[in-house]
Amino acid sequence: MLTGAAVLLGVSAGQAQAAEVAYATKCVPPSGIGLPDVNGTTKVEITAPATAKVGDTVDVVWKFTQAASKNPDIIDLPANSVQPSGTLKAAGAQTADIAMQGPRENPAIPKGGAMTLSDMKGTLKLTAAGQVTLTPDAYVVNALSTDTKCAPTEAVQPAATITVTAGAGGSGSGSGSPSTSPDPSQSQSQSPSASASATPSTSPSASETGDGGQTDFTGKVVDIPYTCQSPIGEKKATSPIQINAKKNGGSYDLTAQFKKSVMDSPIDIPAGKVKPTMQIVLGGADSGSVKVEGPLNSAPIPQNEPIEIPDLTGVYKPGATGESTLSPGVLTIEAMGTTTTCTPDSTAVSLTLNTAEQASGASGGSGSSSSSGGSAATGGGLAETGSGDHGTLKALGLVAGTAILLGGAVFTFMPRRRAS
């Protein structure tokens, strides 16, 4: 099919007709993710009635027979993660922008595979007698809550024509006023909120200068801004974190809690596909860091339902005697086969402990405690976050899953308040 060519099929009176056009298209991924624009060819088949009467509301179908680009070689695109929307131009006896939208339905698309987009549908109320042409225009591909915008780079030929006759009581006179479908939205953007509430809980600090037989230590909630880096982009958000400890012999069992670290799932996520790990940074008398981790999600998470970061646990074996501080460190989230690493923009101490040095403890700035905390990672565990992460390392307590675009991929973050 030549670019711009149109073929009309089945144009007998009153029957639906199917027509296809092909046109040069430029698709623009969201800014800030480092991917270039995609230039390709879109092939579209438009189906509409061949004839109708003034006053009729007709159904129109936009079928993609070829998208402008393939899925990039970054990550496999899960099933039912892509939704198209766009605009179909009506001209001639009547002018209108017809809002079109398809369901979020697609097969799993491998890296480098052809994009498969669902059929878009819309309606047009006919207001004037004569020939009404239908021409595809710009469209948007929403993939895992992020939009890629595509638009023609050449004049597009009409893909279908409706012959409209005067209906009973109709004037038959031409009208230039547009008539759109009930939903005029062109882009069904599902862009997530970029940050959580910055107001921390005001629980008191549990700084201890002497144990006095105490075994449970409650940290204060610290609210910190973070920068999260995905494989090809970054996102900023804020999350409060609380670190608690329970003395166990000479060591401490640690629990890191994320008070508002709830995110919406952009897709249906099966059980066992989300895994968080964080480094708790040591300061004061001690140095290094201790890894804490949470379990894999035990149940499937439906699309648009909240994802809650579970409590992260590990063991801290002190490497020094004196007042040692514990602060949130780098958080790593592995979701659907892709890893995001989050580093805070500023730091705060959640818990201070009066520690006693233990053999093979954490002191010495090795970057991780030699304790067993975090050493029992399950299969498919997280990648290491890097070397020598010390006092400048912080964490994000909320991250959403991977967002894959037509022409790009990026993580999105959807902070929400944890239900009381």
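## Briefing: cores, salt bridges and ring pairs

Tyr 139 touches a broad set of partners beyond four places away in sequence, including Tyr 23, Thr 25, Cys 27, Thr 42, Trp 62 and Phe 64. Its further contacts include Ala 68, Ser 85, Gly 86, Thr 148, Lys 149 and Cys 150. The model is predicted. Tyr 139 is also among the residues with the most contacts inside the largest nonpolar core. Ring pairs join Tyr 139 to a cluster with Trp 62 and Phe 64.

**Nonpolar cores**

- The largest nonpolar core holds 42 residues. Those with the most contacts inside it are Ile 46, Trp 62, Leu 124, Leu 134 and Tyr 139.
- Strands supply this core, each of the following with at least two residues: S2 (16–28), S3 (38–49), S5 (57–66), S6 (82–92), S7 (96–101), S8 (120–125), S9 (130–143) and S11 (160–165).
- S9 gives the largest share, 5 residues.
- Another core lies apart from this one and has 31 residues. Among them are Val 222, Ile 269, Val 274 and Ile 301.

**Salt bridges**

- How many salt bridges does the structure hold? There are 4.
- Side chains of opposite charge can pair when their charged atoms come close.
- Lys 63 pairs with Asp 119, with the closest N and O atoms 3.9 Å apart. Lys 63 sits in strand S5 and Asp 119 in the loop between S7 and S8, so this bridge ties together parts 56 residues apart in sequence.
- Are Lys 63 and Asp 119 buried, exposed or partly exposed? Lys 63 has a relative accessible area of 35%, so it counts as partly exposed. Asp 119 is partly exposed too, at 30%.
- Lys 89 and Asp 97 form a salt bridge through their side chains, at 2.9 Å from N to O. Lys 89 is partly exposed at 33% relative accessibility. Asp 97 is partly exposed, also with a relative accessible area of 33%.
- Lys 275 and Glu 293 meet at 3.9 Å, N to O. This pair links distant parts of the chain, 18 residues apart. Lys 275 belongs to strand S16 (residues 274–284), and Glu 293 to strand S17 (residues 289–293).
- Is the Lys 275 side of this bridge buried or exposed? Lys 275 has 5% relative accessibility, so it counts as buried. The cut-off for buried is under 20% relative accessible area. Glu 293 is buried as well, with a relative accessible area of 12%.

**Aromatic pairs**

- A search of the whole structure finds 5 aromatic pairs.
- Why does the pair of Trp 62 and Phe 64 count as tilted? The ring planes stand at 45 degrees, with the centres 5.6 Å apart, so the pair is tilted. A tilted pair falls between the stacked range, under 30 degrees, and the edge-to-face range, over 60.
- Trp 62 and Phe 64 are both buried.
- The rings of Tyr 252 and Tyr 316 have planes at 25 degrees and centres 6.1 Å apart, so this pair is stacked.
- Where do Tyr 252 and Tyr 316 lie? Tyr 252 is in strand S14 (residues 251–258) and Tyr 316 in strand S19 (residues 312–316). The pair links distant parts of the chain, 64 residues apart.
- Tyr 252 and Tyr 316 are both buried.

Technical notes
Residues are numbered from 1 along each chain as its sequence is written. This is a predicted model: local features need pLDDT of at least 70, side-chain atom pairs count only at pLDDT 80 or more; totals for chains, interfaces and linings use all residues. Side-chain values use heavy atoms; hydrogens and water are left out. A nonpolar core is a set of buried Ala, Val, Leu, Ile, Met, Phe, Trp, Tyr and Cys residues joined through side-chain atoms within 4.5 Å. Buried means under 20% relative accessible area, exposed over 50%, partly exposed in between (1.4 Å probe, protein chains only). Helices (H or I, at least four residues) and strands (E, at least two) are DSSP runs, numbered from the N terminus. Contact means heavy atoms within 4.5 Å. Rings of Phe, Tyr and Trp (its six-membered ring) pair if their centres lie within 6.5 Å; planes under 30 degrees apart count as stacked, over 60 as edge-to-face and the rest as tilted.
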